[in-house]
Amino acid sequence: MSELISVLSQATGLSDFDLRAIISNAPDRYKVYYIAKRKGGRREIAQPARELKVLQRALNDSILSKLPVHPAAMAYRPGVSLRRNAQAHSHNGPILKFDFQDFFPSLRAEDWEDYCRRHGVFKDDEDIELSSKIMFRRKNRRSSVLRLAIGAPSSPLLSNILLFDFDENLAKYCDSQKITYTRYADDLTFSAKRTGFLNGVEKFLVKLIKDADHPRIKLNLNKTVLATKKYKRMVTGLILTNDGKVSLGQLRKRNMRAGVHQWILGNLSEADTCRLAGHLAFAEDIEPDFVARLTVKYGAQVIAEIKMAYRRRVL
């Protein structure tokens, strides 16, 4: 029995026969649907079948969780939040941001297979092939290319693993140039004390991507942003203030204040109340002083009841 099949059998209780039956056509076991993007267009979500999701989670726990993720990778890590990603840049001045194009689908099974062989993840090629079938999706039956799916539970951690060498090389360059670098999924952020320190980043980044055989990722240069303290500096949706703090931003706070007021008047639906409770929970993590001020203004009971409405719906 292959080592991987043995591990999955212990984790799931499934037999060798049942596991191989699922894996044999795993790349095709996805339900596809689309959600609207915030700035227009649609994003494809590929939801794995229940039995495949069980194997992906088992692989996450038994194999992927033991592989290194670079400290610069801020997304999909327990205990690492959006706030920590933004805070890394709060002590600097200008920020430079880049975005990957079609990030998850650009990561392919051959990238994972190359990683496995270089790092000795499995002892034989059969386990490499089996793990690829479990974690990567075929877009249609005519395609021979397996790509990472948005919607699979193994995809987030695997994306960080496959970009370890990329993050390591980029972080070393940034350290040598007195630049702070973080990556939150497909969002790359660079910051420094002065704009001049950032002048060489794009050239180095483009060359690093061009020279890499695995993974073959692309930049969406239309989303490149350079912002200084004269303008609003935003990192993964959070505002960097000029006094070195991380803020929700005035628009978010104004909407939450209005939401609490409307809830008191009885004008919020159950769904809107749940959304407001989620925003308040997010605000407590990012800017707890703001929630404290809301509590003083509207009363602790009001804030508690809004949160309770959300808990009742979840339960």
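This report walks through a predicted model of a single chain, from its overall build down to a handful of residues.

**The chain as a whole**

Let's start with the broad view. The chain has 315 residues, and 43% of them are buried. Along the principal axes, its C-alpha atoms fill a box of roughly 65 × 50 × 35 Å. The secondary structure consists of 14 helices and eleven strands. If we take the contacts with a separation of 6 or more, 68% of them join residues 24 or more positions apart.

The surface comes next. About 17100 Å² of the chain is exposed, and carbon and sulfur atoms supply 50% of that area. As for charge, there are 54 positive and 35 negative charges, and the mean positions of the two sets are 9 Å apart.

**Annotation and domains**

An unreviewed UniProt entry carries the annotation "domain: Reverse transcriptase" for residues 16-240. In the model, that span is 38% helix and 20% strand, and its end C-alpha atoms lie 53 Å apart.

The domain assignment divides the chain into three parts. Domain 1 takes in 1-66 + 108-147, domain 2 takes in 70-103 + 152-240, and domain 3 covers 248-312. How many residues does the contact between domain 2 and domain 3 take from each? Six residues come from domain 2 and six residues from domain 3. The centres of these two domains, taken over C-alpha atoms, are separated by 32 Å.

**Helix α8 and Leu 162**

Helix α8 runs over residues 155-162 and is largely enclosed by the rest of the structure, because seven of its eight residues are buried. Among them are Ser 155, Asn 160 and Ile 161.

Leu 162 also belongs to helix α8. Its relative accessibility is 7%, so Leu 162 counts as buried. Which residues does Leu 162 touch, not counting those up to four places away in sequence? They are Leu 107, Asp 111, Trp 112, Tyr 115, Phe 136 and Pro 215. Another pairing involves Pro 68: this residue is 94 residues from Leu 162 along the chain, and their C-alpha atoms are separated by 9.5 Å.

**The loop between α10 and β8**

Pro 215, one of the residues that Leu 162 touches, lies in the loop between α10 and β8. The peptide bond from His 214 to Pro 215 is cis, with omega near -15°. For background, most peptide bonds are trans.

Asn 220 is placed in the loop between α10 (201-211) and β8 (225-227) too. Is Asn 220 buried or exposed? With a relative accessibility of 17%, Asn 220 counts as buried. Leaving aside neighbours within four places in sequence, Asn 220 is in contact with Asp 99, Phe 100 and Gln 101.

**Two loop residues with positive phi**

Most residues other than glycine have a negative phi. Ala 185 has a positive phi although it is not a glycine, and Thr 236 likewise has a positive value without being glycine. The table sets out their values.

| Residue | Phi | Loop | Relative accessibility |
|---|---|---|---|
| Ala 185 | about 60° | between β6 (180-184) and β7 (187-191) | 9% |
| Thr 236 | near 40° | between β9 (233-235) and β10 (238-240) | 19% |

Buried means under 20% relative accessible area. Ala 185 therefore counts as buried at 9%, and Thr 236 counts as buried at 19%.

**Leu 280 in helix α12**

Our last stop is Leu 280, which lies in helix α12 (residues 270-286). Its relative accessibility is 0%, so Leu 280 counts as buried. What is Leu 280 in contact with, leaving aside its neighbours within four places in sequence? The contacts are Met 256, Val 291, Leu 294, Ile 303 and Ile 306. Within this set, Ile 303 is 23 residues from Leu 280 along the chain, and the C-alpha atoms of the two are separated by 8.6 Å.

Notes: Residues numbered from 1 in each chain as written. Predicted model: local features only at pLDDT ≥ 70, side-chain atom pairs only at ≥ 80, totals over all residues. Heavy atoms only, no water. UniProt positions renumbered as here; feature names shortened; annotations may be inferred. Helix = DSSP H or I, 4+ residues; strand = E, 2+ residues; numbered from the N terminus. Buried < 20%, exposed > 50% of the residue type's maximum accessible area, 1.4 Å probe, protein only. Contact = heavy atoms within 4.5 Å. Areas by Shrake-Rupley, 256 points an atom, 1.4 Å probe, with all protein chains shown as cover. Lys, Arg positive; Asp, Glu negative; His and termini not counted. Charge placed at Lys NZ, Arg CZ, Asp CG, Glu CD. Domains from an automatic or database assignment.
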